[in-house]
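Trainee: I have a model open on my screen and would like to learn how to read it. Could you take me through it feature by feature?

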Amino acid sequence: MHDKVDVKLGNRSYSIHIGTDLLKSAGDFILPLLRRKKVAIITDSNIAALHLNDLKQSLVSYDIDISVLTLPPGERTKSWEYIEKTVEWLLAEHIERDDVIIAFGGGVIGDLVGFAASILRRGVRFVQIPTSLLAQVDSSVGGKTGINSLNGKNLIGAFNQPQMVLIDINLLDTLSARDFLAGYGEVMKYGLLGDCDFFEWLEDNALDMAKGNTEKRIYAVKRSCEMKADIVSQDEQEKGQRALLNLGHTFCHALETATGLSDRLLHGEGVGIGCALAFETSMRLGLCPQETPSRVRAHLTKMGMKVSLSDIPGNLPNSEELIKLMKQDKKAVDGKIAFIMAKEIGNAFILPDIDLDIVKNVLNDALI
Ligand SMILES: NC(=O)c1ccc[n+]([C@@H]2O[C@H](COP(=O)([O-])OP(=O)(O)OC[C@H]3O[C@@H](n4cnc5c(N)ncnc54)[C@H](O)[C@@H]3O)[C@@H](O)[C@H]2O)c1
Ligand SMILES: [Zn+2]
């Protein structure tokens, strides 16, 4: 028994399968996609040490021939260097147009492999087996793939939908507490942007989830995937509403660039801080009630997450420098940055232009 969420995109539609122990039946899911019994698996060394054997065993039991490339873990792997290594390796392994590539890992592996699949022989199919909470609720769904540039996060990439997403909730058991909470930043984001009831549920249940409650983890992952699938189905290429998924991300991407994509700040931690800053900015613009930003901050505090800029270790650039980094945002048009603001918890909207002096004040206060 497992849950299924469909991403409806015409001939690019696919299913997200969510359940426990799905890795051990990966072969059942993947075999029907294969035109010959051969797959390439790309993973990172942390995941390889913990879970690769289960995946291999399941595929081998169907006589599927496997090649594995293991990359170093961490955000810096999303780079030209590793995209080149990956694509050259896939070619050396004779992965052909009709084969399937498996992205087995967190958001770093998923983004890198999805992009590699889009440029290899002008496009090879791929499957996402996300292993981190962040990848299960966000990055493996929706087809945004890519790598980082020296100029900023995720600036090089392509839209490329997977053939299938296979989510095994048990994989989260080996995730570090810090990575779990970083992924939780994106879970919380869904409640904040579009579902107040879900946010309330999280206020009551997210601590249990963090402690390991499997039922609650399944519920939260499924609800997050449903929300993402729904938004992506309506606006695959982010011409409009998909931008809501970037709640907190303009702040987050600037902070990630400012901290050199290091482990001073994980992506999902930046999303949590970014959401708090987005609600604070919304309040100062008179868009949302006075008390809403503190409710968001209270939840981050309760979860033991980073809440403000002062929680990031080391020095940060000043507010003007941070705003400069925000202008590198992919969504900037004529140097103007669209911000995702909120009228209330569960009601976010796109503000195409913003008074940057207010953003600067919010940042100055948060830097203290
Ligand atoms: N494409 C999208 O739509 C999208 C959306 C959100 C985030 N992202 C991207 O995702 C990336 C962050 O993803 P992430 O947080 O998964 O990072 P990650 O891939 O670096 O994984 C985090 C850490 O957890 C380890 N790990 C993963 N699964 C594990 C498991 N089951 N057990 C033990 N350790 C495990 C990894 O080795 C790594 O050290 C960022 O690059 C971000 O830009 C993309
Ligand atoms: Zn994100």
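**Reading the model together**

Mentor: Gladly. Let us begin with a single residue: Asp111 is found in helix 4, which covers residues 107-119. Keep in mind throughout that this is a predicted model.

Trainee: Is Asp111 buried or exposed?

Mentor: The general idea is to compare relative accessibility with a cut-off: under 20% is buried and over 50% is exposed. Asp111 has 12% relative accessibility, so it counts as buried.

Trainee: Which residues does Asp111 touch, leaving out those up to four places away in sequence?

Mentor: On that count, Asp111 touches Lys78, Ser139, Lys144, Thr145, Gly146 and Asn154.

Trainee: Now the ligand. Which residues come nearest to ligand 1?

Mentor: There are 27 residues around ligand 1, and Asp44, Gly107, Ser132, Lys153 and Thr174 come nearest. It also helps to ask which elements supply the shell. Helix 2 (45-60), helix 4, helix 5 (133-139), strand 8 (152-159) and helix 6 (177-194) each give at least two residues. Helix 2 has the largest share, with four residues.

Trainee: Which polar atoms should I look for around ligand 1?

Mentor: Look for pairs of N or O atoms. The side chain of Asn46 has an N or O atom 2.9 Å from an oxygen atom of ligand 1. In Glu75, a polar side-chain atom is 2.8 Å from an oxygen atom of the ligand. With Lys144 the backbone takes part: one of its N or O atoms lies 2.8 Å from a nitrogen atom of ligand 1.

Trainee: How much of ligand 1 does the protein bury?

Mentor: Taken alone, ligand 1 exposes 860 Å², and the protein buries 90% of that.

Trainee: Let me zoom out. Which domains does the assignment give?

Mentor: The protein chain is assigned domain 1 (2-174) and domain 2 (177-367). Their C-alpha centres lie 26 Å apart. The contact between them takes 32 residues from domain 1 and 35 residues from domain 2.

Trainee: And what should I know about nonpolar cores?

Mentor: In soluble globular proteins, nonpolar side chains tend to be buried together. Here the largest nonpolar core has 77 residues, and those touching the most other members are Ile16, Tyr184, Leu192, Leu309, Met326 and Leu363. Both domain 1 and domain 2 contribute at least three residues to this core.

Trainee: What does Ile16 touch, not counting residues up to four places away in sequence?

Mentor: Ile16 touches Asp3, Lys4, Val5, Val7, Val141, Val165, Ile167 and Cys225.

Trainee: Can a whole helix be read for burial too? Why is helix 9 described as largely enclosed by the rest of the structure?

Mentor: Count its buried residues. Helix 9 spans residues 249-258, and eight of its ten residues are buried, so the rest of the structure largely encloses it. The buried ones are His249, Thr250, Phe251, Cys252, His253, Ala254, Leu255 and Glu256. They pack against several elements, including strand 8, helix 6, helix 10 (267-284) and helix 13 (356-367).

Trainee: What comes after helix 9?

Mentor: Gly260 follows helix 9, with a positive phi near 65°.

Trainee: How should I read a positive phi?

Mentor: Most residues other than glycine have a negative phi. His94 is not a glycine, yet its phi is positive, about 60°. His94 is found in the loop between helix 3 (80-92) and strand 5 (100-105), and its relative accessible area of 55% makes it exposed. Glu238 is another residue other than glycine with a positive phi, near 55°. Glu238 sits in the loop between helix 8 and helix 9, and at 17% relative accessibility it counts as buried.

Trainee: Where does Glu236 lie, and what is it in contact with beyond its neighbours within four places in sequence?

Mentor: Glu236 lies in the loop between helix 8 (214-234) and helix 9. Glu236 is buried, with a relative accessible area of 13%, and its contacts beyond those neighbours are Leu9, Arg12, Phe159, Gln161 and Arg242.

Trainee: One last residue, please: where is Asn361 found?

Mentor: Asn361 is found in helix 13. With a relative accessible area of 42%, Asn361 is partly exposed. Its C-alpha atom is separated by 9.6 Å from that of Arg284, and the two residues are 77 residues apart along the chain.

Notes: Residues numbered from 1 in each chain as written. Chains lettered and ligands numbered in written order. Predicted model: local features only at pLDDT ≥ 70, side-chain atom pairs only at ≥ 80, totals over all residues. Heavy atoms only, no water. Buried < 20%, exposed > 50% of the residue type's maximum accessible area, 1.4 Å probe, protein only. Contact = heavy atoms within 4.5 Å. Core = buried A, V, L, I, M, F, W, Y, C linked by side-chain atoms within 4.5 Å. Domains from an automatic or database assignment. Near = heavy atom within 4 Å. Polar contact = N/O pair within 3.5 Å; in protein donor to acceptor, adjacent residues only side chain to side chain. Areas by Shrake-Rupley, 256 points an atom, 1.4 Å probe, with all protein chains shown as cover.
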